[in-house]
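Q: I'd like a close look at one arginine in this model, and at the parts around it. Please walk me through it as you would at the bench.
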Amino acid sequence: MTVEAQRLEVIRLGHPALRSIAEPVPEAWFSSGRLHEFGRGLIRSMLEEEGVGLAAPQVAEELRLFAYWIPAHDDTPEIEPTVVVNPEIRIVDPELEEGWEGCLSIPGLRGLVPRARRIKLKGRTMDGSSLSLTASGFHARVIQHEFDHLDGVVFLDRMTSAQSLAFEEEWDRYMVDDPEPDDA
Ligand code: NI
């Protein structure tokens, strides 16, 4: 399905696009092939980079959309790769939960980040239809991480302390028994 989509280059921290406020995707784009092609490119790049999320600003397009997917884990079923356009988030359960995060734009690093446990996501699909879902746990975390990218925020900004910051290899070796997160 994503075979013919173009692979996009993921930019790294230091590139100004990662610190900009992205613009809403204009209405006219929904009917154009351009949005589809770009969305499929985002999905392809996310999967090939072995990430669970990729936001448009991470490929230097300052637009409010992102791709994500949730691999099956324990008793949680997979959520197939999805593109969310012009998303809005409402926090349903404001209680914060710490969890590990990484980012394709900050390769090699992991850190503990507090995130709201449960959120409601609204937005559009690439076809322009509305999308609405409630997410919790890791699913909610990935969405909040991607949404932050649209406002120029990265997971390092959300850490309450740099104490847990670790390189992936050391993190794997010393810090976790049951690795769940991939870069997003
Ligand atoms: Ni990220």
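In which helix is Arg-141 found, and what are the residue limits of that helix?

A: Happy to. This is a predicted model, in which local features need pLDDT of at least 70 and side-chain atom pairs count only at pLDDT 80 or more, while totals for chains, interfaces and linings use all residues. Residues are numbered from 1 along each chain as its sequence is written, and side-chain values use heavy atoms, with hydrogens and water left out.

Arg-141 is found in helix H2, residues 137-150. Helices (H or I, at least four residues) and strands (E, at least two) are DSSP runs, numbered from the N terminus. The end C-alpha atoms of H2 are 21 Å apart, which agrees with the 20 Å that its 14 residues should span at 1.5 Å a residue; the expected span is 1.5 Å times one less than the number of residues. Just after H2, Gly-152 takes a positive phi of about 75 degrees.

Now for the surroundings. H2 is largely enclosed by the rest of the structure, because 13 of its 14 residues are buried. Buried means under 20% relative accessible area, exposed means over 50%, and partly exposed is in between (1.4 Å probe, protein chains only). Arg-141 itself is buried, with a relative accessible area of 7%.

What does the side chain of Arg-141 reach? It reaches the backbone oxygen of Glu-97, at 2.7 Å. Setting aside neighbours within four places in sequence, Arg-141 is in contact (heavy atoms within 4.5 Å) with Glu-97, Glu-98, Gly-99, Trp-100, Glu-101, Val-113 and Arg-115.

One of those contacts, Trp-100, is worth following. The structure holds 2 aromatic pairs. Rings of Phe, Tyr and Trp (its six-membered ring) pair if their centres lie within 6.5 Å; planes under 30 degrees apart count as stacked, over 60 as edge-to-face and the rest as tilted. Trp-100 and Trp-171 form an edge-to-face pair, with 5.8 Å from centre to centre and 75 degrees between the planes. This pair links distant parts of the chain: Trp-100 is in strand E3 (residues 79-101) and Trp-171 in helix H4 (residues 168-175), 71 residues apart. Both Trp-100 and Trp-171 are buried. Another arginine joins in here, as the charged end of Arg-110 sits over the ring of Trp-171, 4.9 Å from its centre. A charge sits over a ring if NZ of Lys or CZ of Arg is within 6 Å of the ring centre and within 35 degrees of the ring normal.

The strands E4 and E5 come next. Strand E4 (residues 109-124) and strand E5 (residues 130-136) run antiparallel and are joined by 7 bridges; two strands pair if DSSP finds at least two bridges between them. Leu-121 stands opposite Leu-133 in E5. The hairpin of E4 and E5 has 5 residues between the strands, and there Gly-128 takes a positive phi near 100 degrees.

For a contrast with buried Arg-141, try Ala-72, in the loop between strand E2 (65-70) and E3. Ala-72 counts as exposed, because its relative accessibility is 56%. Not counting residues up to four places away in sequence, Ala-72 touches Pro-77 and Glu-78. Ala-72 and Ala-140 are 68 residues apart in sequence and 15 Å apart in space, C-alpha to C-alpha.

Conventions:
A polar contact is a pair of N or O atoms within 3.5 Å; within protein, one must be able to donate a hydrogen and the other to accept it, and residues adjacent in sequence count only if both atoms are side-chain atoms.
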